[in-house]
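Visitor: Could you walk me through this structure, one question at a time?

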Amino acid sequence: MSKFLLFGLLFYIIGNPFIAIIVLFLIFYLLDRRFVGVFPSITKPFKRMRSISKNRQQIALNPNDVTSKFDLARLLIERKKYREAQQLLLSIESSYDHSAEYWDMVGTTEIHQGQLEQGEQHTLHATKLNPKVKYGQPYLRLASAYKDTDQAKALQYVEKFQDIQSSSSESFYYLGLVYGKLGQKNEAKEAYRQSIDVYRSLPKYKKRQERRWAVRSFFRKLL
């Protein structure tokens, strides 16, 4: 009801329903970015593009700059340009052979290109080099990759992540997805409930990071 009242007020002030809707959306977006964090950042893609351009220029000036190639590969993965990122990573393997983050990035590019077994192998190699690389996120990536084809393996990876991050709303969200694929609806709903409960118990600084998973769990729980 409050949304309709706000829209009515904006329409009364502005006099144009389309502009009023845009202003209303902007208000909700700004409030979300300040207090909730479900909507994506509008400015982040532009900052990423500037960083990509800067790294490309640096590599053009110095083709042997492995640090710029590593940073560029990371940014390309964020943009879902996995093939280009993979090629860059392979070109600097000798410099990052002992880096857990490097092998996790290689595994990420392979998984997203359908090279699942190879991606799994390199991702697990990253966890051997550093069991807590990226705070256990590689395990959730593997769980997501296998949730439709091998639920037992997906469940195993969720549990491995929970061994590292016991207070994670995201892990219980993925646990719910896996249980759903297994047809265990009650267990899935319980996992979503735990996701929400974990979120409520988190300190404020951590809630912002986990909020979107709690929101997703809330709506999944209703299904």
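Guide: We can start with a small pocket. Among the helices (DSSP runs of H or I, at least four residues, numbered from the N terminus), the one giving the most to the lining of the second largest pocket, with 5 residues, is H11. This is a predicted model, where local features need pLDDT of at least 70, side-chain atom pairs count only at pLDDT 80 or more, and totals for chains, interfaces and linings use all residues. Residues are numbered from 1 along each chain as its sequence is written, and side-chain values use heavy atoms, leaving out hydrogens and water.

Visitor: Which helix gives the most to the largest nonpolar core?

Guide: A nonpolar core is a set of buried (under 20% relative accessible area, 1.4 Å probe, protein chains only) Ala, Val, Leu, Ile, Met, Phe, Trp, Tyr and Cys residues joined through side-chain atoms within 4.5 Å. This core has 24 residues, and Tyr157 and Val158 are among those that touch the most other members. Helices H9, H10, H11 and H12 each supply at least two of its residues, and the one giving the most, with 7 residues, is H11.

Visitor: Why is helix H7 described as largely enclosed by the rest of the structure?

Guide: The buried residues of H7 pack against H4, H5, H6, H8 and H9, where contact means heavy atoms within 4.5 Å. Tyr102, Trp103 and Asp104 are among the buried residues of H7. The helix is largely enclosed because, of its 12 residues, the number buried is 11.

Notes:
Buried < 20%, exposed > 50% of the residue type's maximum accessible area, 1.4 Å probe, protein only.
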